[in-house]
Amino acid sequence: MFGLGPVAIVLTILVLAVVAFMSNKVPVGIVALGVALALWATNILTLPQALAGFGDPTVIFIASLFIVSEALDSTGVTAWAGQEVVSRGGTGRTSLLVVIGLLVAVLTALISVNGAVAALIPVVVVVAVRAGLTPSQMLMPLAFSAHAGSMLALTGTPVNIIVSEAAADAGARPFSFLEFGLAGVPLVVGTLGIIVLFGKRLLPDRAPTTLPPDLGMQAKVLREQYAVPGDTELVGARTGFTEVLVPPRSDLVGMHMFPGMTTPSGDLVVLGVQRGGEDLTGPDTIIQAGDALLLGGTWEHLEKHTSGPDVLVVDDPARLRRGVPLGVGAKRAIGILAAMVLLLATGLVPPAVAGLLAAGAIVLSRVLTPAQAYRSVSWTTVVLVGGMIPLSTAFTATGTADLIANGLLSVVGDSSPTLALTALVVLTMVLGQLISNTATVLIMAPIATVLATDLHVSVLPFMMALTVAGAASFLTPVATAANTMVMEPGGYRFSDYWKLGLPLLLLFLLVAVFWVPLIWRF
(Lines give C-alpha, C1' and ligand atoms only; values in the text may rest on other atoms or scores of the structure.)
Protein backbone atom coordinates (compact mmCIF):
# COMPACT_ATOMS: atom_id res chain seq x y z
CA MET A 1 0.00 0.00 0.00
CA PHE A 2 2.04 2.86 -1.48
CA GLY A 3 5.29 1.62 0.08
CA LEU A 4 4.03 1.64 3.67
CA GLY A 5 5.45 -0.86 6.16
CA PRO A 6 3.31 -3.77 7.43
CA VAL A 7 2.37 -1.99 10.69
CA ALA A 8 1.36 1.17 8.84
CA ILE A 9 -0.72 -0.86 6.40
CA VAL A 10 -2.57 -2.69 9.20
CA LEU A 11 -3.25 0.59 11.04
CA THR A 12 -4.49 2.20 7.82
CA ILE A 13 -6.87 -0.71 7.20
CA LEU A 14 -8.05 -0.44 10.81
CA VAL A 15 -8.74 3.30 10.54
CA LEU A 16 -10.59 2.88 7.26
CA ALA A 17 -12.67 0.06 8.77
CA VAL A 18 -13.58 2.15 11.84
CA VAL A 19 -14.58 5.08 9.63
CA ALA A 20 -16.72 2.77 7.49
CA PHE A 21 -18.34 1.25 10.58
CA MET A 22 -19.10 4.70 12.02
CA SER A 23 -20.54 6.03 8.77
CA ASN A 24 -23.39 3.49 8.81
CA LYS A 25 -23.38 3.81 5.02
CA VAL A 26 -21.57 0.55 4.31
CA PRO A 27 -23.04 -2.74 5.60
CA VAL A 28 -20.89 -4.11 8.41
CA GLY A 29 -20.52 -7.42 6.62
CA ILE A 30 -19.08 -5.67 3.55
CA VAL A 31 -16.66 -3.77 5.78
CA ALA A 32 -15.48 -7.01 7.39
CA LEU A 33 -15.04 -8.69 4.01
CA GLY A 34 -13.16 -5.62 2.80
CA VAL A 35 -10.80 -5.91 5.77
CA ALA A 36 -10.02 -9.55 5.02
CA LEU A 37 -9.49 -8.89 1.31
CA ALA A 38 -7.37 -5.79 1.97
CA LEU A 39 -5.07 -7.79 4.24
CA TRP A 40 -4.59 -10.31 1.42
CA ALA A 41 -4.22 -7.69 -1.33
CA THR A 42 -1.48 -5.89 0.60
CA ASN A 43 0.40 -9.17 1.25
CA ILE A 44 -0.05 -8.84 5.00
CA LEU A 45 -1.71 -12.27 5.06
CA THR A 46 -1.86 -15.16 2.65
CA LEU A 47 -5.25 -15.99 1.15
CA PRO A 48 -5.81 -18.97 3.50
CA GLN A 49 -4.98 -16.71 6.47
CA ALA A 50 -7.28 -13.94 5.21
CA LEU A 51 -10.20 -16.36 4.88
CA ALA A 52 -9.41 -18.54 7.91
CA GLY A 53 -11.92 -16.68 10.08
CA PHE A 54 -14.87 -18.21 8.25
CA GLY A 55 -13.80 -21.70 9.28
CA ASP A 56 -12.85 -20.71 12.81
CA PRO A 57 -14.57 -22.78 15.56
CA THR A 58 -15.67 -19.52 17.20
CA VAL A 59 -17.66 -18.52 14.11
CA ILE A 60 -19.22 -21.97 13.82
CA PHE A 61 -20.27 -21.92 17.48
CA ILE A 62 -21.81 -18.46 17.10
CA ALA A 63 -23.79 -19.58 14.03
CA SER A 64 -25.11 -22.65 15.83
CA LEU A 65 -26.33 -20.54 18.74
CA PHE A 66 -28.58 -18.57 16.41
CA ILE A 67 -30.34 -21.81 15.47
CA VAL A 68 -30.83 -22.78 19.12
CA SER A 69 -32.17 -19.30 19.86
CA GLU A 70 -34.62 -19.48 16.96
CA ALA A 71 -35.89 -22.87 18.15
CA LEU A 72 -36.69 -21.47 21.59
CA ASP A 73 -38.27 -18.35 20.14
CA SER A 74 -40.37 -19.92 17.38
CA THR A 75 -41.79 -22.64 19.65
CA GLY A 76 -42.95 -20.07 22.20
CA VAL A 77 -40.50 -20.95 24.98
CA THR A 78 -39.36 -17.34 25.38
CA ALA A 79 -42.96 -16.09 25.17
CA TRP A 80 -43.98 -18.55 27.88
CA ALA A 81 -41.08 -17.55 30.11
CA GLY A 82 -41.90 -13.88 29.61
CA GLN A 83 -45.59 -14.24 30.36
CA GLU A 84 -45.07 -16.51 33.35
CA VAL A 85 -42.47 -14.36 35.06
CA VAL A 86 -43.87 -10.96 34.17
CA SER A 87 -47.37 -12.00 35.27
CA ARG A 88 -45.91 -12.55 38.73
CA GLY A 89 -44.22 -9.18 38.83
CA GLY A 90 -47.32 -7.29 39.88
CA THR A 91 -48.08 -3.81 38.56
CA GLY A 92 -45.58 -1.73 40.54
CA ARG A 93 -42.76 -0.08 38.64
CA THR A 94 -39.97 -1.41 40.87
CA SER A 95 -41.18 -5.01 40.94
CA LEU A 96 -41.74 -5.03 37.18
CA LEU A 97 -38.28 -3.61 36.47
CA VAL A 98 -36.62 -6.20 38.70
CA VAL A 99 -38.59 -9.14 37.31
CA ILE A 100 -38.11 -8.07 33.69
CA GLY A 101 -34.43 -7.35 34.27
CA LEU A 102 -33.78 -10.74 35.85
CA LEU A 103 -35.78 -12.51 33.14
CA VAL A 104 -33.96 -10.91 30.23
CA ALA A 105 -30.60 -11.44 31.96
CA VAL A 106 -31.19 -15.19 32.30
CA LEU A 107 -32.59 -15.51 28.77
CA THR A 108 -29.66 -13.55 27.37
CA ALA A 109 -27.18 -15.87 29.05
CA LEU A 110 -28.73 -18.75 27.11
CA ILE A 111 -29.87 -17.32 23.76
CA SER A 112 -27.91 -14.06 23.23
CA VAL A 113 -28.71 -10.38 23.76
CA ASN A 114 -30.51 -9.77 20.49
CA GLY A 115 -32.67 -12.88 20.72
CA ALA A 116 -33.79 -12.20 24.28
CA VAL A 117 -34.56 -8.52 23.70
CA ALA A 118 -36.43 -9.15 20.44
CA ALA A 119 -38.57 -11.84 22.08
CA LEU A 120 -39.47 -9.75 25.11
CA ILE A 121 -40.17 -6.34 23.54
CA PRO A 122 -43.85 -7.16 22.79
CA VAL A 123 -44.35 -8.68 26.24
CA VAL A 124 -42.78 -5.72 28.04
CA VAL A 125 -44.77 -3.16 26.04
CA VAL A 126 -48.06 -4.90 26.82
CA VAL A 127 -47.18 -5.24 30.51
CA ALA A 128 -46.13 -1.58 30.71
CA VAL A 129 -49.36 -0.35 29.12
CA ARG A 130 -51.50 -2.54 31.35
CA ALA A 131 -49.62 -1.28 34.42
CA GLY A 132 -50.17 2.35 33.42
CA LEU A 133 -46.50 2.96 32.55
CA THR A 134 -45.06 4.30 29.32
CA PRO A 135 -42.93 1.77 27.42
CA SER A 136 -40.08 4.30 27.45
CA GLN A 137 -39.69 3.62 31.16
CA MET A 138 -39.27 -0.12 30.56
CA LEU A 139 -37.62 -0.81 27.20
CA MET A 140 -34.22 0.78 27.66
CA PRO A 141 -33.87 -1.03 31.02
CA LEU A 142 -34.75 -4.21 29.11
CA ALA A 143 -31.87 -3.71 26.64
CA PHE A 144 -29.37 -2.59 29.28
CA SER A 145 -30.23 -5.48 31.60
CA ALA A 146 -29.63 -7.81 28.67
CA HIS A 147 -26.12 -6.39 28.27
CA ALA A 148 -25.42 -7.20 31.90
CA GLY A 149 -26.99 -10.65 31.51
CA SER A 150 -24.67 -11.42 28.61
CA MET A 151 -21.93 -11.76 31.22
CA LEU A 152 -23.61 -14.64 33.04
CA ALA A 153 -22.53 -17.47 30.73
CA LEU A 154 -20.36 -18.32 27.72
CA THR A 155 -23.37 -18.30 25.37
CA GLY A 156 -24.47 -14.78 26.30
CA THR A 157 -22.70 -12.98 23.45
CA PRO A 158 -20.19 -13.68 20.67
CA VAL A 159 -17.72 -11.53 22.61
CA ASN A 160 -17.55 -14.12 25.41
CA ILE A 161 -16.69 -16.84 22.93
CA ILE A 162 -14.06 -14.67 21.25
CA VAL A 163 -12.20 -13.78 24.48
CA SER A 164 -12.37 -17.34 25.76
CA GLU A 165 -10.67 -18.61 22.61
CA ALA A 166 -8.21 -15.68 22.70
CA ALA A 167 -7.22 -16.55 26.27
CA ALA A 168 -6.51 -20.13 25.22
CA ASP A 169 -4.54 -18.98 22.18
CA ALA A 170 -2.45 -16.76 24.48
CA GLY A 171 -1.29 -19.82 26.41
CA ALA A 172 -3.69 -19.54 29.34
CA ARG A 173 -6.98 -21.46 29.33
CA PRO A 174 -10.49 -20.90 28.00
CA PHE A 175 -13.09 -19.62 30.43
CA SER A 176 -15.61 -22.21 31.61
CA PHE A 177 -19.30 -21.98 30.78
CA LEU A 178 -20.46 -20.29 34.00
CA GLU A 179 -17.17 -18.60 34.92
CA PHE A 180 -18.36 -15.36 33.33
CA GLY A 181 -21.04 -15.21 36.02
CA LEU A 182 -18.41 -14.27 38.61
CA ALA A 183 -18.33 -10.88 36.91
CA GLY A 184 -21.86 -11.07 35.51
CA VAL A 185 -23.74 -11.40 38.80
CA PRO A 186 -22.36 -8.13 40.27
CA LEU A 187 -23.08 -6.44 36.94
CA VAL A 188 -26.70 -7.63 36.87
CA VAL A 189 -27.29 -6.63 40.50
CA GLY A 190 -25.63 -3.25 40.02
CA THR A 191 -27.47 -2.59 36.75
CA LEU A 192 -30.86 -3.35 38.29
CA GLY A 193 -30.02 -1.18 41.30
CA ILE A 194 -29.14 1.83 39.14
CA ILE A 195 -32.23 1.33 36.96
CA VAL A 196 -34.57 1.08 39.96
CA LEU A 197 -33.06 3.99 41.88
CA PHE A 198 -32.37 6.46 39.07
CA GLY A 199 -34.20 5.18 36.01
CA LYS A 200 -37.38 7.16 36.54
CA ARG A 201 -35.48 10.45 36.51
CA LEU A 202 -33.01 9.52 33.78
CA LEU A 203 -35.46 7.92 31.36
CA PRO A 204 -37.93 9.92 29.24
CA ASP A 205 -41.66 9.59 29.86
CA ARG A 206 -42.63 9.62 26.22
CA ALA A 207 -45.31 7.99 24.08
CA PRO A 208 -43.90 5.62 21.45
CA THR A 209 -44.39 6.12 17.72
CA THR A 210 -45.45 2.49 17.22
CA LEU A 211 -46.45 -0.38 19.50
CA PRO A 212 -46.04 -4.10 18.85
CA PRO A 213 -49.37 -5.93 18.86
CA ASP A 214 -50.88 -7.57 21.91
CA LEU A 215 -51.61 -11.04 20.54
CA GLY A 216 -54.40 -11.74 23.01
CA MET A 217 -56.08 -8.40 22.31
CA GLN A 218 -55.52 -8.78 18.58
CA ALA A 219 -57.33 -12.11 18.52
CA LYS A 220 -60.23 -10.56 20.42
CA VAL A 221 -60.44 -7.59 18.05
CA LEU A 222 -60.43 -9.80 14.96
CA ARG A 223 -63.02 -12.11 16.47
CA GLU A 224 -65.34 -9.15 16.99
CA GLN A 225 -64.53 -7.52 13.64
CA TYR A 226 -65.28 -10.65 11.63
CA ALA A 227 -68.07 -11.86 13.96
CA VAL A 228 -66.28 -15.18 14.53
CA PRO A 229 -68.33 -17.51 16.78
CA GLY A 230 -67.17 -17.48 20.39
CA ASP A 231 -66.42 -21.21 20.45
CA THR A 232 -63.90 -20.90 17.61
CA GLU A 233 -60.31 -21.18 18.90
CA LEU A 234 -58.25 -18.60 17.01
CA VAL A 235 -54.91 -19.25 18.70
CA GLY A 236 -53.40 -22.42 20.11
CA ALA A 237 -50.20 -24.41 20.20
CA ARG A 238 -50.90 -26.05 16.83
CA THR A 239 -53.42 -23.74 15.18
CA GLY A 240 -53.62 -20.04 14.56
CA PHE A 241 -55.01 -17.34 12.29
CA THR A 242 -53.90 -14.63 9.93
CA GLU A 243 -55.55 -11.74 8.14
CA VAL A 244 -54.76 -11.27 4.45
CA LEU A 245 -55.73 -8.96 1.61
CA VAL A 246 -56.42 -10.07 -1.94
CA PRO A 247 -54.16 -8.17 -4.35
CA PRO A 248 -54.90 -7.41 -8.03
CA ARG A 249 -54.18 -10.31 -10.40
CA SER A 250 -54.51 -12.82 -7.57
CA ASP A 251 -55.86 -16.24 -8.58
CA LEU A 252 -58.45 -15.80 -5.81
CA VAL A 253 -60.15 -12.94 -7.69
CA GLY A 254 -63.43 -14.21 -9.14
CA MET A 255 -63.67 -17.22 -6.82
CA HIS A 256 -66.66 -17.94 -4.57
CA MET A 257 -65.73 -17.72 -0.87
CA PHE A 258 -67.74 -17.55 2.33
CA PRO A 259 -67.11 -18.13 6.07
CA GLY A 260 -66.82 -21.79 6.94
CA MET A 261 -65.49 -23.04 3.62
CA THR A 262 -62.00 -24.33 3.02
CA THR A 263 -59.50 -22.63 0.75
CA PRO A 264 -58.59 -24.21 -2.63
CA SER A 265 -55.67 -26.03 -1.00
CA GLY A 266 -58.00 -27.66 1.50
CA ASP A 267 -55.61 -26.83 4.36
CA LEU A 268 -57.12 -23.56 5.64
CA VAL A 269 -60.58 -22.46 6.71
CA VAL A 270 -62.12 -19.10 5.78
CA LEU A 271 -63.24 -17.59 9.10
CA GLY A 272 -64.45 -14.31 7.65
CA VAL A 273 -64.66 -12.21 4.49
CA GLN A 274 -64.93 -8.41 4.40
CA ARG A 275 -65.13 -5.74 1.73
CA GLY A 276 -64.72 -2.14 2.79
CA GLY A 277 -65.22 -3.15 6.43
CA GLU A 278 -68.54 -4.90 5.74
CA ASP A 279 -69.03 -8.64 6.33
CA LEU A 280 -69.70 -10.81 3.30
CA THR A 281 -71.42 -13.98 4.42
CA GLY A 282 -73.45 -15.19 1.45
CA PRO A 283 -72.46 -18.34 -0.45
CA ASP A 284 -72.57 -16.39 -3.72
CA THR A 285 -69.86 -13.92 -2.66
CA ILE A 286 -67.30 -13.45 -5.42
CA ILE A 287 -63.85 -12.34 -4.27
CA GLN A 288 -62.58 -9.02 -5.60
CA ALA A 289 -59.20 -7.31 -5.36
CA GLY A 290 -58.94 -5.54 -2.00
CA ASP A 291 -61.14 -7.97 -0.06
CA ALA A 292 -59.93 -8.99 3.41
CA LEU A 293 -59.92 -12.61 4.53
CA LEU A 294 -59.47 -14.07 7.99
CA LEU A 295 -57.92 -17.52 7.60
CA GLY A 296 -57.45 -20.25 10.19
CA GLY A 297 -55.46 -23.49 10.23
CA THR A 298 -52.27 -25.03 11.51
CA TRP A 299 -49.31 -22.68 11.84
CA GLU A 300 -47.38 -24.66 9.25
CA HIS A 301 -50.19 -24.43 6.69
CA LEU A 302 -50.72 -20.73 7.40
CA GLU A 303 -47.05 -19.98 6.72
CA LYS A 304 -47.01 -22.19 3.63
CA HIS A 305 -50.15 -20.85 1.94
CA THR A 306 -49.74 -17.15 2.72
CA SER A 307 -46.20 -16.80 1.39
CA GLY A 308 -47.16 -16.69 -2.30
CA PRO A 309 -48.37 -13.86 -4.56
CA ASP A 310 -52.09 -14.60 -4.19
CA VAL A 311 -52.46 -12.79 -0.84
CA LEU A 312 -50.86 -9.90 1.01
CA VAL A 313 -50.32 -10.83 4.64
CA VAL A 314 -51.47 -8.34 7.28
CA ASP A 315 -50.43 -10.46 10.26
CA ASP A 316 -47.39 -12.66 9.57
CA PRO A 317 -48.17 -16.15 10.96
CA ALA A 318 -44.50 -16.73 11.84
CA ARG A 319 -44.51 -13.59 14.02
CA LEU A 320 -47.89 -14.35 15.60
CA ARG A 321 -46.79 -17.89 16.38
CA ARG A 322 -43.93 -16.63 18.55
CA GLY A 323 -46.45 -15.15 20.97
CA VAL A 324 -48.06 -18.52 21.68
CA PRO A 325 -46.58 -19.99 24.89
CA LEU A 326 -45.07 -23.47 24.61
CA GLY A 327 -46.12 -24.35 21.10
CA VAL A 328 -45.30 -27.47 19.10
CA GLY A 329 -41.70 -28.55 19.63
CA ALA A 330 -41.18 -26.50 22.80
CA LYS A 331 -40.31 -29.51 24.98
CA ARG A 332 -37.84 -30.78 22.40
CA ALA A 333 -36.22 -27.35 22.15
CA ILE A 334 -35.87 -27.10 25.94
CA GLY A 335 -34.40 -30.60 26.12
CA ILE A 336 -31.85 -29.85 23.40
CA LEU A 337 -30.90 -26.57 25.11
CA ALA A 338 -30.41 -28.40 28.42
CA ALA A 339 -28.20 -31.00 26.73
CA MET A 340 -26.08 -28.29 25.07
CA VAL A 341 -25.66 -26.42 28.35
CA LEU A 342 -24.63 -29.66 30.06
CA LEU A 343 -21.99 -30.32 27.40
CA LEU A 344 -20.68 -26.77 27.67
CA ALA A 345 -20.68 -26.76 31.48
CA THR A 346 -18.84 -30.07 31.76
CA GLY A 347 -16.46 -29.40 28.90
CA LEU A 348 -16.98 -32.89 27.49
CA VAL A 349 -16.69 -31.54 23.94
CA PRO A 350 -15.43 -28.25 22.47
CA PRO A 351 -18.05 -25.45 22.33
CA ALA A 352 -18.30 -25.60 18.52
CA VAL A 353 -19.09 -29.31 18.69
CA ALA A 354 -21.75 -28.77 21.37
CA GLY A 355 -23.34 -26.05 19.26
CA LEU A 356 -23.32 -28.15 16.09
CA LEU A 357 -24.81 -31.14 17.91
CA ALA A 358 -27.60 -28.92 19.27
CA ALA A 359 -28.29 -27.33 15.88
CA GLY A 360 -28.35 -30.75 14.21
CA ALA A 361 -30.70 -32.15 16.86
CA ILE A 362 -33.09 -29.24 16.36
CA VAL A 363 -33.37 -29.99 12.65
CA LEU A 364 -33.48 -33.79 13.03
CA SER A 365 -36.20 -33.54 15.69
CA ARG A 366 -38.17 -31.25 13.34
CA VAL A 367 -38.30 -28.35 15.74
CA LEU A 368 -37.08 -26.31 12.76
CA THR A 369 -36.93 -27.19 9.09
CA PRO A 370 -33.54 -26.91 7.39
CA ALA A 371 -34.74 -23.75 5.62
CA GLN A 372 -35.83 -22.20 8.94
CA ALA A 373 -32.49 -23.09 10.51
CA TYR A 374 -30.55 -21.42 7.67
CA ARG A 375 -32.74 -18.30 7.86
CA SER A 376 -32.31 -18.03 11.61
CA VAL A 377 -28.55 -17.49 11.40
CA SER A 378 -27.56 -13.83 11.52
CA TRP A 379 -25.19 -13.96 8.59
CA THR A 380 -24.24 -10.35 9.22
CA THR A 381 -22.75 -11.37 12.57
CA VAL A 382 -21.09 -14.46 11.10
CA VAL A 383 -19.49 -12.47 8.28
CA LEU A 384 -18.50 -9.69 10.70
CA VAL A 385 -16.67 -12.06 13.03
CA GLY A 386 -15.22 -14.17 10.23
CA GLY A 387 -13.96 -11.10 8.38
CA MET A 388 -12.48 -9.36 11.42
CA ILE A 389 -10.64 -12.38 12.87
CA PRO A 390 -7.88 -11.98 10.22
CA LEU A 391 -7.34 -8.41 11.45
CA SER A 392 -6.56 -9.83 14.89
CA THR A 393 -4.13 -12.24 13.22
CA ALA A 394 -2.51 -9.36 11.36
CA PHE A 395 -2.21 -7.33 14.57
CA THR A 396 -0.11 -10.11 16.06
CA ALA A 397 1.84 -11.16 12.97
CA THR A 398 3.00 -7.65 12.01
CA GLY A 399 3.77 -6.41 15.52
CA THR A 400 0.95 -3.85 15.43
CA ALA A 401 -0.42 -5.11 18.73
CA ASP A 402 3.07 -4.75 20.29
CA LEU A 403 3.30 -1.18 19.03
CA ILE A 404 -0.07 -0.14 20.47
CA ALA A 405 0.55 -1.99 23.73
CA ASN A 406 3.97 -0.35 24.12
CA GLY A 407 2.35 3.00 23.43
CA LEU A 408 -0.15 2.43 26.21
CA LEU A 409 2.60 1.31 28.58
CA SER A 410 4.67 4.39 27.77
CA VAL A 411 1.73 6.51 28.90
CA VAL A 412 0.69 4.61 32.03
CA GLY A 413 4.03 2.99 32.89
CA ASP A 414 4.84 -0.68 33.33
CA SER A 415 4.84 -0.78 37.11
CA SER A 416 1.10 -1.12 37.59
CA PRO A 417 -0.99 -3.74 35.76
CA THR A 418 -4.09 -1.95 37.10
CA LEU A 419 -3.24 1.23 35.18
CA ALA A 420 -2.60 -0.76 32.01
CA LEU A 421 -5.90 -2.57 32.51
CA THR A 422 -7.69 0.75 33.00
CA ALA A 423 -6.24 2.14 29.78
CA LEU A 424 -7.32 -0.99 27.88
CA VAL A 425 -10.85 -0.85 29.30
CA VAL A 426 -11.34 2.87 28.60
CA LEU A 427 -10.11 2.52 25.03
CA THR A 428 -12.41 -0.46 24.48
CA MET A 429 -15.42 1.35 25.93
CA VAL A 430 -14.87 4.43 23.77
CA LEU A 431 -14.52 2.39 20.60
CA GLY A 432 -17.46 0.19 21.58
CA GLN A 433 -19.87 3.14 21.56
CA LEU A 434 -19.02 3.86 17.94
CA ILE A 435 -18.73 0.46 16.27
CA SER A 436 -19.87 -3.09 16.96
CA ASN A 437 -18.67 -4.38 20.31
CA THR A 438 -17.79 -7.65 18.58
CA ALA A 439 -15.51 -5.86 16.13
CA THR A 440 -14.06 -3.79 18.99
CA VAL A 441 -13.10 -6.86 21.02
CA LEU A 442 -11.57 -8.58 17.99
CA ILE A 443 -9.37 -5.49 17.52
CA MET A 444 -8.43 -5.18 21.21
CA ALA A 445 -7.84 -8.86 22.06
CA PRO A 446 -4.31 -9.09 20.62
CA ILE A 447 -3.41 -5.81 22.36
CA ALA A 448 -4.62 -7.27 25.67
CA THR A 449 -2.45 -10.33 25.08
CA VAL A 450 0.67 -8.23 24.46
CA LEU A 451 0.00 -6.06 27.52
CA ALA A 452 -0.23 -9.09 29.77
CA THR A 453 2.92 -10.60 28.23
CA ASP A 454 4.96 -7.42 28.55
CA LEU A 455 3.87 -6.99 32.17
CA HIS A 456 4.61 -10.68 32.91
CA VAL A 457 1.14 -11.21 34.35
CA SER A 458 -1.79 -13.52 33.61
CA VAL A 459 -3.81 -12.72 30.50
CA LEU A 460 -7.06 -13.87 32.14
CA PRO A 461 -7.93 -10.61 33.98
CA PHE A 462 -7.21 -8.64 30.80
CA MET A 463 -9.50 -10.85 28.72
CA MET A 464 -12.31 -10.85 31.27
CA ALA A 465 -12.05 -7.07 31.69
CA LEU A 466 -12.17 -6.78 27.89
CA THR A 467 -15.42 -8.76 27.92
CA VAL A 468 -16.94 -6.49 30.57
CA ALA A 469 -15.88 -3.40 28.62
CA GLY A 470 -17.33 -4.86 25.42
CA ALA A 471 -20.69 -5.36 27.12
CA ALA A 472 -20.80 -1.71 28.25
CA SER A 473 -22.36 -0.39 25.03
CA PHE A 474 -24.86 2.02 26.52
CA LEU A 475 -24.29 5.54 25.25
CA THR A 476 -25.73 5.39 21.73
CA PRO A 477 -28.59 3.56 19.99
CA VAL A 478 -26.17 2.25 17.35
CA ALA A 479 -23.75 0.65 19.83
CA THR A 480 -25.62 -2.67 19.67
CA ALA A 481 -28.58 -4.11 17.80
CA ALA A 482 -30.50 -4.42 21.08
CA ASN A 483 -30.19 -0.67 21.68
CA THR A 484 -31.54 -0.04 18.20
CA MET A 485 -34.44 -2.49 18.64
CA VAL A 486 -35.97 -0.60 21.56
CA MET A 487 -35.58 2.86 20.00
CA GLU A 488 -38.82 3.01 18.00
CA PRO A 489 -41.21 1.15 20.35
CA GLY A 490 -39.79 3.16 23.26
CA GLY A 491 -40.04 6.48 21.42
CA TYR A 492 -36.40 7.23 22.25
CA ARG A 493 -34.13 9.85 20.75
CA PHE A 494 -30.38 9.57 20.22
CA SER A 495 -29.69 11.80 23.22
CA ASP A 496 -31.76 9.67 25.62
CA TYR A 497 -29.28 6.82 25.85
CA TRP A 498 -26.32 8.45 27.55
CA LYS A 499 -28.34 9.71 30.52
CA LEU A 500 -28.97 6.25 31.94
CA GLY A 501 -26.04 4.76 30.05
CA LEU A 502 -23.34 6.88 31.71
CA PRO A 503 -23.81 5.62 35.31
CA LEU A 504 -24.00 2.07 33.96
CA LEU A 505 -20.80 2.65 32.00
CA LEU A 506 -19.08 3.73 35.22
CA LEU A 507 -20.37 0.60 36.98
CA PHE A 508 -18.91 -1.63 34.27
CA LEU A 509 -15.63 0.32 34.41
CA LEU A 510 -15.33 -0.24 38.17
CA VAL A 511 -16.13 -3.94 37.85
CA ALA A 512 -13.63 -4.40 35.00
CA VAL A 513 -10.77 -2.55 36.71
CA PHE A 514 -11.20 -3.44 40.38
CA TRP A 515 -13.49 -6.48 40.73
CA VAL A 516 -12.14 -8.62 37.89
CA PRO A 517 -8.51 -8.69 39.18
CA LEU A 518 -9.79 -9.86 42.57
CA ILE A 519 -11.22 -13.00 40.93
CA TRP A 520 -8.69 -13.52 38.14
CA ARG A 521 -5.38 -12.54 39.67
CA PHE A 522 -2.64 -10.77 37.76
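In which helix is N160 found? Helix α9. I'll start there and then move through the structure. One caution for everyone: this is a predicted model.

So, N160. This residue sits in helix α9. Is N160 buried or exposed? Its relative accessible area is 0%, so N160 is buried. Its side chain has a partner too. The side chain of N160 reaches the backbone oxygen of A153, at 2.8 Å.

Next, the sheet. Look for five strands. They form an open sheet, in the order β3-β2-β4-β1-β5. The pairing is antiparallel. Which strands are at the edges? β3, residues 278-279, and β5. Each of these two pairs on one side only.

Now take β1, residues 239-245. This strand is mostly covered. Of its seven residues, five are buried. It has β4 on one side and β5 on the other in the strand order. β4 covers residues 292-298. Seven bridges join β1 to β4, and the two run antiparallel. If you want one position to click on, try T242: its bridge partner in β4 is L295. On the β5 side, there are two bridges, again antiparallel. β5 is residues 312-313. Here the position to click on is L245, whose bridge partner in β5 is L312.

A general reminder while we have strands on screen. In a regular strand, side chains alternate between the two faces of the sheet.

Staying with the sheet, let's turn to charges. How many salt bridges does a search of the whole structure find? Two. One of them involves strand β2. The side chains of D291 and R275 meet there, at 2.8 Å from N to O. R275 is in strand β2, residues 269-275. D291 is in the loop between β3 and β4. The two residues are 16 apart in sequence, and the pair links distant parts of the chain. Their surroundings are worth a look. D291 has a relative accessible area of 0%, so D291 is buried. R275 has 29%, so R275 is partly exposed. The cut-off matters here: buried means under 20%.

The other salt bridge joins E179 and R173, with N to O at 2.7 Å. E179 is at 9% relative accessible area, and counts as buried. R173 is at 35%, and counts as partly exposed.

On to the aromatics. How many aromatic pairs does the structure hold? Six. I'll show two of them.

Here is F175 with W520. The ring centres are 6.3 Å apart and the planes meet at 85°, so this pair is edge-to-face. The cut-off for that label is an angle over 60 degrees. Where do the two residues lie? F175 is in the loop between α9 (158-169) and α10 (181-202). W520 is in the segment after α24 (497-519). That places them 345 residues apart in sequence, so the pair ties together distant numbers along the chain. Both are covered. F175 has 4% relative accessibility and counts as buried. W520 is buried as well, with a relative accessible area of 4%.

The next pair is F474 and F508. This one is also edge-to-face, with 5.0 Å centre to centre and 75° between the planes. F474 is in the loop between α21 (460-471) and α22 (481-485). F508 is in helix α24. They are 34 residues apart, and the pair links distant parts of the chain. F474 is buried, at 0% relative accessible area. F508 is buried, at 0% relative accessibility. There is a third ring to add. F144, F474 and F508 form one aromatic cluster.

Last stop, the surface. There is a nonpolar patch of about 670 Å². Its residues are V26, I30, L33, L37, W40, L47, L51 and F54. Which elements give two or more residues to the patch? α2 (28-41) and α3 (47-51). α2 gives the most, with four residues. I30 lies in helix α2, if you want a place to begin.

That's the tour. Happy to take questions.

How values were computed:
Residues are numbered from 1 along each chain as its sequence is written. This is a predicted model: local features need pLDDT of at least 70, side-chain atom pairs count only at pLDDT 80 or more; totals for chains, interfaces and linings use all residues. Side-chain values use heavy atoms; hydrogens and water are left out. Buried means under 20% relative accessible area, exposed over 50%, partly exposed in between (1.4 Å probe, protein chains only). Two strands pair if DSSP finds at least two bridges between them. Rings of Phe, Tyr and Trp (its six-membered ring) pair if their centres lie within 6.5 Å; planes under 30 degrees apart count as stacked, over 60 as edge-to-face and the rest as tilted. Patches are made of residues with over 30% relative accessible area and no salt bridge: like charges are joined within 9 Å, nonpolar side chains (Val, Leu, Ile, Met, Phe, Trp, Tyr) within 5 Å. Accessible areas come from the Shrake-Rupley method with a 1.4 Å probe; for residues, only the protein chains shown count as cover. A salt bridge is a side-chain nitrogen of Lys or Arg within 4 Å of a carboxyl oxygen of Asp or Glu. A polar contact is a pair of N or O atoms within 3.5 Å; within protein, one must be able to donate a hydrogen and the other to accept it, and residues adjacent in sequence count only if both atoms are side-chain atoms.
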